[in-house]
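Me: I have a structure open and want to learn how to read it. Can we go feature by feature?

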Amino acid sequence: MRFDTIIVGGGLAGLSCGIRLSEQGRQCAIVSAGQNALHFSSGSLDLLNVLPDGTAVNRPINALAALSQQAPQHPYSLLGKENVTRWVEEAEGLLQRSGIALFGHANENHLRMTPLGIQKATWLSPPEIPTSPLSGYQRGDKPLIVGIEGFMDFQPQLVVDALLQQGISASTAYLHLPMLDQIRTNLSEFRAVNIARVLDKPEHCQRLADELNQLSGEHDALIFPACFGLDDPDLYKRLAEKLRLPLMILPTLPPSVLGLRMNNLLAKRFQNLGGVIIPGDIVLRTKMEKDKGWLLYTRNHTDIALRAQQVVLASGSFFSKGLVADRGCIREPVFGLDLLAETEREKWVSSGMFSPQPYLQFGVKTDAYLRVMRQGQRVNDVYAIGSVLGGYDPLFQGCGAGVSLVSALAVAEFILARQGAGYEHE
Ligand SMILES: Cc1cc2nc3c(=O)[nH]c(=O)nc-3n(C[C@H](O)[C@H](O)[C@H](O)COP(=O)(O)OP(=O)(O)OC[C@H]3O[C@@H](n4cnc5c(N)ncnc54)[C@H](O)[C@@H]3O)c2cc1C
């Protein structure tokens, strides 16, 4: 099978890059081994929350200049402030075109409520999530946090305790929802995604609304776990219309309905544009043939290679096995690429439990066009995007989704520029 571009990894970065290339008529395939970080995510997307020196960021775009000084290897710094600003706007458009409704803007972060009831800065959030300006929580003084009987992955009391500390008179209640009885008996099956598969059935919407309405009482808002709307993003609106009080939802422990819904919408957009997803397969080795381009051998295609002019490595970090830590070294397993990483094992982790961990900054080394290197030499037609990239800490700096989206759109543009007249970077 021959494609213009093959993307290794179908997470937020790989799917976004594939969509942008397919929108411009490129034939793309995504080979993806398994679940990606979206399956575990909050559904909110971070752009930049904290600078490496610990300064909190309210306005991500304005902070890019300071970031370049403090972290010259950060993907945003490599790509440049003007470009990043443009790709951030493009990313918002791409998500919208994929049918993903999100609240927020890169000019200013907002606060989202976490499943623990605390407020955390972010760039874009699903509109159903309780959000507020950076100045603090504003929606509802007396919210009712509603759990589901037997569901362990969302604990209303934890939310209430945190809200009470913030001066918000929250309280808890539980729904029984008899339609869940069948899966409730098996605790390992009683997870957000399985609950959503039941609650998403059209005949259950009114029943859910009736039970929520019975709880309304003296409260001014309902907060419910994200356990519905997996395949139907409009279910929230239909349910909200039937309720007496405003409804908001909070992410649960993984698997995340909000993250999975985003993943599914991006995959659908990519496939509708003609993109091919090869799921459950893993790229094991690659070979460059002069004049023929790249050959990729996978677990299921060991003899007959997938062929492409360009390869985009979007295989994620340690979590997704895009990077592997062996006893004495960190390696990138598909190409054996050069990395930004400490060689001495003692320097991989920091002893402080809450201090930034050095290994989170490890990843593939690139030039300013996100082209990768092997043994000090540039590898032709191979780019890296997303969390396989080195030079940044997605957790401490709060920039994981932003780097994935920006780097994906950057590489799509670099590849497209090579095909057209505006070929700039050779
Ligand atoms: C648990 C978790 C939760 C997070 N939550 C958030 C959040 O709420 N908000 C936020 O902004 N950021 C969050 N992040 C940061 C996250 O890194 C980025 O937001 C982003 O989703 C990463 O996307 P990615 O496409 O680069 O990598 P990934 O999502 O990790 O996807 C990589 C994919 O590549 C596949 N793969 C790996 N090797 C191969 C191979 N050889 N062949 C084929 N396929 C391969 C993997 O199976 C995986 O599907 C979270 C990260 C983690 C780990």
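Me: Where does Leu370 lie?

Reply: This is a predicted model. Leu370 lies in the loop between strand S17 (363–364) and strand S18 (371–374).

Me: What is the phi of Leu370?

Reply: Start with the general rule. Most residues other than glycine have a negative phi. Leu370 is not a glycine, yet its phi is positive, at about 60°.

Me: Which peptide bond is cis?

Reply: Again, the rule comes before the case. Most peptide bonds are trans. Here the bond from Pro254 to Pro255 is cis, and its omega is near 0°. Pro255 sits in the loop that runs between strand S9 (247–250) and helix H10 (257–272).

Me: Now the ligand. How many residues surround the ligand, and which are the closest?

Reply: Read a ligand site from its shell, using a cut-off of 4 Å between heavy atoms. The count here is 33 residues. Ala37, Ser42, Val283, Ser320 and Ser387 are the closest.

Me: What classes of residue does the shell around the ligand have?

Reply: It has 17 polar residues, 14 nonpolar ones and two charged ones.

Me: Which element gives the most to the shell?

Reply: Helix H12 does, with three residues. Helix H1 (12–23), strand S2 (28–32) and helix H12 (400–419) each provide at least two.

Me: Which polar backbone atoms should I look at beside the ligand's oxygen and nitrogen atoms?

Reply: Look for N or O pairs within 3.5 Å. A polar backbone atom of Ala13 is 3.0 Å from a ligand oxygen. For Gly34, a backbone N or O atom lies 3.0 Å from an oxygen of the ligand. Ser44 has a polar backbone atom 3.0 Å from a ligand nitrogen. As for cover, the ligand on its own has 1000 Å² of accessible area, and the protein covers 87% of that.

Me: How is the chain divided into domains?

Reply: Check the residue ranges, then the contact. Domain 1 takes 2–103 + 260–417, and domain 2 takes 130–250. Six residues from domain 1 and seven residues from domain 2 make the contact. The C-alpha centres of the two domains are 34 Å apart.

Me: What area is buried between domain 1 and domain 2?

Reply: About 540 Å². Carbon and sulfur atoms give 66% of that area.

Notes. Residues numbered from 1 in each chain as written. Predicted model: local features only at pLDDT ≥ 70, side-chain atom pairs only at ≥ 80, totals over all residues. Heavy atoms only, no water. Polar contact = N/O pair within 3.5 Å; in protein donor to acceptor, adjacent residues only side chain to side chain. Areas by Shrake-Rupley, 256 points an atom, 1.4 Å probe, with all protein chains shown as cover. Helix = DSSP H or I, 4+ residues; strand = E, 2+ residues; numbered from the N terminus. Nonpolar A, V, L, I, M, F, W, Y, C, P; charged D, E, K, R; others polar. Domains from an automatic or database assignment. Contact = heavy atoms within 4.5 Å. Buried area = accessible area lost by both parts, 1.4 Å probe.
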